[in-house]
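Let's take a friendly walk through part of this fold, starting from one pair of residues and working outwards. Please keep the model open beside the text.

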Amino acid sequence: MTTPPKAAPAFINQMEPWIDENEVRHMTEYLTSGGWLTEFAKTKEFEGMIAQYTGAKHCVVVANGTVSMSVAYWAWGIGPGDEVLVPDVTMIATPNAVRLVGATPVLVDVEPPTLCMNIALAERALTPRTKAVALVSLNGRAPGMTAWKEFCDAHGLFLMEDAAQSLGSFQGGVHLGRFGAIGSFSFSTPKIITTGQGGALITDDDELAHRMRKIKDFGRERGGTDWHDMMGQNFKFTDVQAVLGIEQMKKLEWRVARKKAMYRRYESALRGIPQVEMLATSDETAPWFADIYVPEPERLRDHLKSRMIGTRLVYPAINKQSIYPTEGSFPVSEDYSSRGLWLPSASSLSDDVIDRVCDEIREFFNSAPRAG
Ligand SMILES: Cc1ncc(COP(=O)(O)O)c(C=O)c1O
């Protein structure tokens, strides 16, 4: 009798979507129901679920978590000649959304342990042209939000929260995205829930919500009319995506708990390795990715890849991007951005897999020659 060949171990993706039979069933039902695909009742239902979960009065969903921020700036009245403070550690979408409305992003260094914008440095970056702050809660970690709200109120600035990575994360019981006048979220594939692409804006302000709805729908009061009394574009969502989003929202609580548990598992397994730094993370934070900071992350990435484990280098500091040449010094951003690695973080990951990843990291550092 011959033994069957051993199956090659499956590659562990750093991130992957998780769609189960519920989504498939609801999608099939929708597609055979005669729905018009474009945004309508399902989108309203999805918006209602996000508003209820976050506690916001209004939710407006849009095509993605980049144009969402541009819609927020337009609704507030930000445009050419205005400056918006942006952290130097973020996804490129944060400054790009400022550029899309013709305003200028002004980079500000970040601070540990959150890697969010440093408020003292933000104060120094203010000019008479500063009109807004794009406060990113990176990986669900937020700086002292009350202090930021007071800072923005004191200087007459629009606080726009880029909470793209923060669905499910709170501070003092308040959902992130609710401290600013507007909060923005993303539903791209790596996020805690996904609709493939998609974004959401939350606000308690009736007038801002009304303006955002018009801006994303060609500047008209409602679908079916073709009179436009303000400039708008087509940044709409679809009911097809909403069907997925509704089913994913039903699992959000479970995913939030799972993301927290996964982060803690990584933390306790990696704690004893002196080369590995993990950031202090509050119990109200649901990190979308488990992030570690190590010397030479490329070498660890290559090692893990050779062991069928996918990881991803964290975002480079924005000031290092050729499209944002910036004078000045950003020591914290540059330090953390050059050392960061995202570990496998899909909600569907089992504890066994997390333990295996940690064993490989430990083995890498145990066998690596010490620097110096
Ligand atoms: C902090 C941050 N802002 C904005 C975005 C952009 O969102 P989207 O990909 O939906 O346009 C992302 C996406 O990863 C993000 O992480």
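In this predicted model, a good place to begin is phenylalanine 158 in strand E7, the bridge partner of alanine 132. That bridge belongs to the pairing of strand E6 (residues 130-136) with E7, which runs in the parallel sense. E7 also pairs with strand E10 (residues 182-186), again in the parallel sense, and here aspartate 162 stands opposite serine 184 in E10.

The two pairings of E7 can be set out as follows:

| Pair | Sense | Bridges |
|---|---|---|
| E6 and E7 | parallel | five |
| E7 and E10 | parallel | three |

How do we get from E6 to E7? Together with helix H6 (residues 145-155), the two strands make a right-handed β-α-β unit.

Now to the surroundings of E7 (residues 158-162). Four of its five residues are buried, so the strand is largely enclosed by the rest of the structure.

Alanine 134 offers a view of that setting. Setting aside neighbours within four places in sequence, its contacts are Met69, Val84, Leu85, Val86, Thr94, Val98, Met160 and Asp162.

Which residues touch the most other members of the largest nonpolar core? They are Val71, Ala72, Tyr73 and Ala134, in a core of 99 residues. Helix H3 (residues 67-76) gives the most to this core, contributing eight residues. The core also draws at least three residues from each of domain 1 (21-249) and domain 2 (252-367).

How values were computed
Residues are numbered from 1 along each chain as its sequence is written. This is a predicted model: local features need pLDDT of at least 70, side-chain atom pairs count only at pLDDT 80 or more; totals for chains, interfaces and linings use all residues. A residue is buried if 20 or more other C-beta atoms lie within 10 Å of its own, exposed if 12 or fewer, and partly exposed in between; C-beta atoms are placed from the backbone. Two strands pair if DSSP finds at least two bridges between them. A crossover is right-handed if, with the strands pointing away from the viewer, the path from the first strand over the helix to the second runs clockwise. A nonpolar core is a set of buried Ala, Val, Leu, Ile, Met, Phe, Trp, Tyr and Cys residues joined through C-beta atoms within 7 Å. Domain bounds come from an automatic or database domain assignment. Two residues are in contact if their C-beta atoms, placed from the backbone, lie within 7 Å.
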